[in-house]
Amino acid sequence: MDRSLFLARLLGPTFVAVALGMLINLGMYESMIAEALHLGILFYLSGLLSLIAGLAIVNLHNRWQTDWRVIITVLGWLMTIGGIIRIVLPQIAIAVGSTIYSGRASTIVAALITGTLGAFLSFKGYWRRA
């Protein structure tokens, strides 16, 4: 199977599940996000996992094509950079996270963006030929 399809099939449903979880359990996710921004070990572990996943994607799929596949590459780089920032500059990452997730509307917007991206990647991975 093509790496792009494999990663779309992996990331797409995961993003859809996360988005649905956020929208269905909005209050719980807001609490979890707030806690994660204040508990050092959770923040560090999320950075470490993001860095590992991002590097795996970038090493498997560093394709800068002018089609939908570039989304996977960009996600890999964003995960890598985000992980590095959370590990090396946690104060900055916490400040940015606190600003982004400052209210209910921002959590809803994040969920909708994540869900849309997940649905798109699922569609590309499962229902269409690349």
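1. **V58, burial.** V58 has a relative accessibility of 10%, so it counts as buried. The cut-off for that label is under 20%. The model is a predicted one, and the value is computed from it. V58 sits in helix α3, which spans residues 40–60.

2. **V58, partners.** Which residues does V58 touch once its neighbours within four places in sequence are set aside? The contacts are G76, W77 and T80. Take T80 as one of them. T80 is 22 residues from V58 along the chain, yet their C-alpha atoms are separated by 8.3 Å. Helix α4 covers residues 70–88.

3. **L48, a second residue in α3.** L48 is also placed in helix α3. Is L48 buried or exposed? Neither label applies: its relative accessible area is 29%, so L48 is partly exposed. Partly exposed is the range between the buried limit of 20% and the exposed limit of 50%. L48 and V74 are 26 residues apart in sequence, and their C-alpha atoms lie 18 Å apart.

4. **Largest pocket.** The volume of the largest pocket is about 1500 Å³. It is lined by 32 residues, and those closest to its centre are S46, S50, M79, R86 and Y101. Helices α1 (3–24), α2 (26–36), α3, α4 (70–88), α5 (90–100) and α6 (104–127) each give two or more residues to the lining.

5. **Chemistry of the lining.** How many lining residues are nonpolar, polar and charged? The split is 23 nonpolar, 7 polar and 2 charged.

6. **Fold.** The chain has 6 helices and 0 strands. Read from the N terminus, the order is α-α-α-α-α-α. Consider contacts between residues at least 6 apart in sequence: 76% of them join residues at least 24 apart. The V58–T80 pair, at 22 residues apart, falls short of that 24-residue mark.

7. **Overall dimensions.** A compact globule of 130 residues would have a radius of gyration near 14 Å; the chain has 15 Å, so the two agree. Along the principal axes, the C-alpha atoms fill a box of roughly 45 × 30 × 20 Å.

8. **Surface and burial.** The accessible surface of the chain is about 7800 Å². Carbon and sulfur atoms account for 72% of that surface. Of the 130 residues in the chain, 32% are buried. V58 belongs to the buried group, whereas L48 is partly exposed.

How values were computed: Residues are numbered from 1 along each chain as its sequence is written. This is a predicted model: local features need pLDDT of at least 70, side-chain atom pairs count only at pLDDT 80 or more; totals for chains, interfaces and linings use all residues. Side-chain values use heavy atoms; hydrogens and water are left out. Helices (H or I, at least four residues) and strands (E, at least two) are DSSP runs, numbered from the N terminus. Buried means under 20% relative accessible area, exposed over 50%, partly exposed in between (1.4 Å probe, protein chains only). Contact means heavy atoms within 4.5 Å. On a 1 Å grid over the protein atoms alone, a cavity is a set of points where a 1.4 Å probe fits but cannot get out, and a pocket is an open set with protein on both sides within 12 Å along at least five of seven lines; lining residues have an atom within 4 Å of a point. Grid points are joined across faces, edges and corners, and a volume is the space filled by probe spheres set on the points. Ala, Val, Leu, Ile, Met, Phe, Trp, Tyr, Cys and Pro count as nonpolar, Asp, Glu, Lys and Arg as charged, and the others, Gly among them, as polar. The radius of gyration is taken over C-alpha atoms; the globule rule is 2.2 Å times the number of residues to the power 0.38. Accessible areas come from the Shrake-Rupley method with a 1.4 Å probe; for residues, only the protein chains shown count as cover.
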